[in-house]
Amino acid sequence: MTTSTKIVILVLAILFMYNFARRFGLGHVSPIVNADDAIRIAAEGLSGFDGTEAIVDRSGGSALVRGGVDNYAYIRRHGAHYVVRQICATTIIQCDDNRIVFRHQDLPSGAATLEFSHITETWLAQAAADKN
Amino acid sequence: MAINLPDLVSFAIPAFIILICAEMIWAQRYSKSSYHPDDLIVSMLLGMTAFFAGLFFAGKVHSISSFAMYFRLLNLSYAWWVWALCIIADDFLHYALHRVSHRVRFLWASHVVHHSSQHFNLVVGLRQSASIVFASALIFRLPLVLIGFPLEMVVFVITGNQIYQFWTHSDAVRQCPRWIEFAFCTPSHHRVHHAVNPEYLDRNYGGVFIIWDRIFGTFHPEDDENPPRYGLVQQLGRFNILVCIFHEWAAMLADIWRAPWRYKSAYIFAPPGWCHDGSRETSDQIKERWQGYQRRAGQKSQAMEKIDDERSA
């Protein structure tokens, strides 16, 4: 068997398995259901991170957890799991009643926008205080 | 005397595909988060690039190994006990290379590809790096040739070792019989190796035999109460094969560029996570911090219990 035949067979096998995984509905991830869930995910993703409060994105796919003064964990869905990044308040560009926008080098667009149904005033005040 | 040994890879690839499909059927029923289509395709493409990179470097590595044969100490035959010795010696060298690959950053920059998936399944077993350092895996086995094991035997045993490790990347197999768990590297042991839980970091480097970890103090059993979470301490979070292959190389070069002269070499040879200004952590530091955190949490709960006891008294 020539090398090119091997490559073709391997590529076909990869496409077959990819299709197989899609048809089987693999890659399921439960959404972040509430603040406690977000705090737990943040603690698992950043060992020793002690989250005190959290706000969960409308989609349930991302969240922001506050761990202390100017210490936040940003959670986002990746595949069938979550990625957690530690961020500080200075990266927050915009913060209002139902939206937080912050810079993040990890993201292709360089920024993330989280849409919330409601952000409490306490949270907004803390974020503003951390930023300053 | 040279003998013709079968090409193990030709037999292994169809078996791999069948086993992966079988594991996906299992995942569909019991653990849908074990696989993700995007992660699968990235792992498979990485495996394929590594395979062809291996073929590309195979000739050069073979030339070096053939040259090394002129300096061999013994002229060993194909007797059964030579095979047995070769398998054991090769696995010991695998253990050593694997351990160094986790402790020296420029080797980690290549090996990190294998650990960069947050999923754990048979496909992750094929997720390897195409970067040059991986090809040096065979160079690390040069001592076998220098001792006097026949070159064909060494190549066959290395291939067998790699093929064996495929099945250890499975979430579907929970525990094997006790004697197998004691002597051999099993999926349970290897799940610990791929985990980022602080207790599990830098443990279970064994390839075929887990005995090396037991001897050299790097063994840690899987704890059902502490299920492993897979990937990297700082998760990659991308499904891009170029990012997977080069992210650590780019980060290492950036660190070297920015560091003062006296620290530059440490960014190549020190453990991953080492940083001259202390802004990042190595796995040892993470473990230390975690143990401190656990101790404080234990003390706190003891104090709470004491207060509760005093109140109830």
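Visitor: How do β1(A) and strand β2 of chain A pair, and over how many bridges?
Guide: In the antiparallel sense, over four bridges; β2(A) covers residues 62-68. Two strands pair when DSSP finds at least two bridges between them. Strands here are DSSP E runs of at least two residues, helices are H or I runs of at least four, and both are numbered from the N terminus.

Visitor: What is the status of the model?
Guide: This is a predicted model: local features need pLDDT of at least 70, side-chain atom pairs count only at pLDDT 80 or more, and totals for chains, interfaces and linings use all residues. Residues are numbered from 1 along each chain as its sequence is written, while chains are lettered from A and ligands numbered from 1 in the order in which they are written.

Visitor: Back to the strands. Which residues of β2(A) stand opposite Val56(A) and Ile55(A)?
Guide: Val56(A) faces Ala63(A). Ile55(A) faces Leu64(A).

Visitor: What sits between β1(A) and β2(A)?
Guide: Five residues, making a hairpin. Gly60(A), in the turn, has a positive phi of about 75 degrees.

Visitor: And on to β3(A), how many bridges?
Guide: Six, again in the antiparallel sense, between β2(A) and β3(A), residues 71-78. Val65(A) stands opposite Ala73(A) there. These two strands also form a hairpin, with two residues between them. Asp70(A) in that turn has a positive phi of about 50 degrees.

Visitor: What's the order of the whole sheet?
Guide: β1-β2-β3-β4 in chain A, an open sheet of four strands with antiparallel pairing. The edge strands are β1 (53-56) and β4 (81-87), each pairing on one side only. Neighbouring strands are turned by 20 degrees against each other on average, direction ignored. The axes are lines fitted to C-alpha atoms, for helices over the stretch in contact, and angles run from 0 to 180 degrees between N-to-C directions.

Visitor: Is β2(A) mostly covered or mostly open?
Guide: Mostly covered: six of its seven residues are buried. Buried means 20 or more other C-beta atoms within 10 Å of the residue's own, exposed means 12 or fewer, and partly exposed lies in between, with C-beta atoms placed from the backbone.

Visitor: Why does Asp97(A) count as exposed?
Guide: Because 11 other C-beta atoms lie within 10 Å of Asp97(A). Asp97(A) is in the loop between β5 (92-96) and β6 (99-103) of chain A.

Visitor: New topic. How many residues does each chain put into the contact?
Guide: 27 from chain B and 23 from chain A. Contact means C-beta atoms, placed from the backbone, within 7 Å. On the chain B side, α2(B) gives the most, with seven residues. By class, that side has 15 nonpolar, seven polar and five charged residues. Nonpolar means Ala, Val, Leu, Ile, Met, Phe, Trp, Tyr, Cys and Pro; charged means Asp, Glu, Lys and Arg; the others, Gly among them, are polar.

Visitor: Which residues of α1(B) are buried?
Guide: Phe16(B), Ile20(B), Glu23(B), Met24(B) and Ala27(B). Their cover includes α1 (3-23) of chain A together with α7 (151-166) of chain B.

Visitor: What confidence does the predictor give the complex?
Guide: An ipTM of 0.84 and a pTM of 0.90. Per residue, pLDDT is the predictor's confidence, from 0 to 100. Chain B has a mean of 91, with 97% of its residues at 70 or more. Chain A averages 82, and 90% of the residues score at least 70.

Visitor: Which element of chain A has the lowest mean pLDDT?
Guide: β5(A), at 71. Helix α2(A), residues 35-45, has the highest, 92.

Conventions: Contact = placed C-beta atoms within 7 Å.
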